[in-house]
Amino acid sequence: MTTGAAIEARKLARILPGLIPVTLVDGIDFMAKPGELVAITGASGSGKSSLLYLLGLLDEPTSGSVIIDGIDSASLTDAQRTHLRLERLGFVFQFHFLLPEFSVLDNVCMPMKKLNALPEQAQAERGRMLLKDLGLEGSEKKLPEQLSGGERQRVAVARALANAPSILLADEPTGNLDSKNSHAVFDIFRRLTRQDGKTIIAVTHDQELASACDRQVHLADGQVV
Ligand SMILES: Nc1ncnc2c1ncn2[C@@H]1O[C@H](COP(=O)(O)OP(=O)(O)OP(=O)(O)O)[C@@H](O)[C@H]1O
Ligand SMILES: [Mg+2]
């Protein structure tokens, strides 16, 4: 069944087994369309990160499924799932997780290296283009520590875009940024969704940023409310 969704969750659940099982995600139905910017909100511990990790195929659901561009991830082998993730999904986290000993350009090219769909020369060219597009021209050879917090997060966005994913998942991408840089990141998200048709799902605690998204999904106790 095709629904026109870029990404979809059906009755998605993640329960940690144990003497007292812990329910992180409790039967969530969710979908986002191409070009949509969706905010996920909710109190600390409501399951936002857990949901994002499931949507991003970084964690395995206990039950339910994640469907990406019409492909049911449950039907794939581990290797196919990893490939799907590298090809279609980009991630931005609260902490940039850039590799400190690698240049800005090498950090951006890392996902391209892993996917290995482009020759090395073309990877570097694409990396430079992405950096330029995010206002980071001239920083290619710098180390992450030589950049400001806002610049580092834009490098992380460039890296997330490396393999031209159709979907970006961001977990509190502005959690460490001041208001000006937070708005800059969301302006980039806005442009990526409106102009490039990407789907972006961003967890945020910032109600002002959440309100500026196309839609808000509010979680409580692992459920959409
Ligand atoms: N590995 C784990 N073992 C046990 N409990 C966990 C584990 N991971 C998450 N939890 C619990 O599951 C619930 C959901 O966690 P999650 O990290 O998804 O929340 P969150 O909404 O992202 O919170 P925050 O806003 O603080 O980032 C929390 O109560 C958390 O303590
Ligand atoms: Mg979280």
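Me: Buried means under 20% relative accessible area, exposed over 50%, and partly exposed in between (1.4 Å probe, protein chains only). With that in hand, why is Phe 97 called exposed?

Reply: Phe 97 has 53% relative accessibility, which is over 50%, so it counts as exposed. Before going on, note that this is a predicted model: local features need pLDDT of at least 70, side-chain atom pairs count only at pLDDT 80 or more, and totals for chains, interfaces and linings use all residues. Residues are numbered from 1 along each chain as its sequence is written, chains are lettered from A and ligands numbered from 1 in the order in which they are written, and side-chain values use heavy atoms, with hydrogens and water left out.

Me: And what makes Phe 93 buried?

Reply: Its relative accessibility is 19%, under the 20% limit, so Phe 93 counts as buried. Phe 91 is buried as well.

Me: Why is the pair of Phe 91 and Phe 93 called stacked?

Reply: Rings of Phe, Tyr and Trp (its six-membered ring) pair if their centres lie within 6.5 Å; planes under 30 degrees apart count as stacked, over 60 as edge-to-face and the rest as tilted. The search of the whole structure finds four aromatic pairs. For Phe 91 and Phe 93 the centres are 6.1 Å apart and the planes 5° apart, so the pair meets the distance limit and is stacked.

Me: What makes Phe 93 and Phe 97 edge-to-face instead?

Reply: At 5.7 Å centre to centre they pair, and the 75° between the planes is over 60, so the label is edge-to-face. Both pairs belong in one picture: Tyr 53, Phe 91, Phe 93 and Phe 97 form one aromatic cluster.

Me: Let's turn to the ligand. How do you know that ligand 1 has a polar contact with Ser 49?

Reply: A polar contact is a pair of N or O atoms within 3.5 Å (within protein, one must be able to donate a hydrogen and the other to accept it, and residues adjacent in sequence count only if both atoms are side-chain atoms). An oxygen atom of ligand 1 lies 2.8 Å from an N or O atom in the Ser 49 side chain, so the pair qualifies. A ligand oxygen is also 2.8 Å from a polar backbone atom of Gly 45, and one is 3.1 Å from a polar backbone atom of Gly 47. Taken alone, ligand 1 exposes 640 Å², of which the protein buries 55%.

Me: Which element gives the largest share of the shell around ligand 1, and how covered is that element?

Reply: Helix H1 (residues 48–55) supplies three residues, the largest share. H1 is mostly covered, with six of its eight residues buried; among them are Lys 48 and Ser 50. After H1 comes Leu 57, with a positive phi near 60°.

Me: Last one: how do you know that S1 and S2 pair?

Reply: Two strands pair if DSSP finds at least two bridges between them. Strand S1 (residues 7–16) and S2 share eight bridges, in the antiparallel sense, so they pass. One of the partners is Asp 26 in S2, matched with Ala 13. S9 (residues 215–220) and S10 (residues 223–224) are joined by two bridges and run antiparallel, so this pair also satisfies the rule of at least two. S9 and S10 form a hairpin with two residues between them, and Asp 221 in the turn has a positive phi of about 50°.

Methods. Accessible areas come from the Shrake-Rupley method with a 1.4 Å probe; for residues, only the protein chains shown count as cover. Helices (H or I, at least four residues) and strands (E, at least two) are DSSP runs, numbered from the N terminus.
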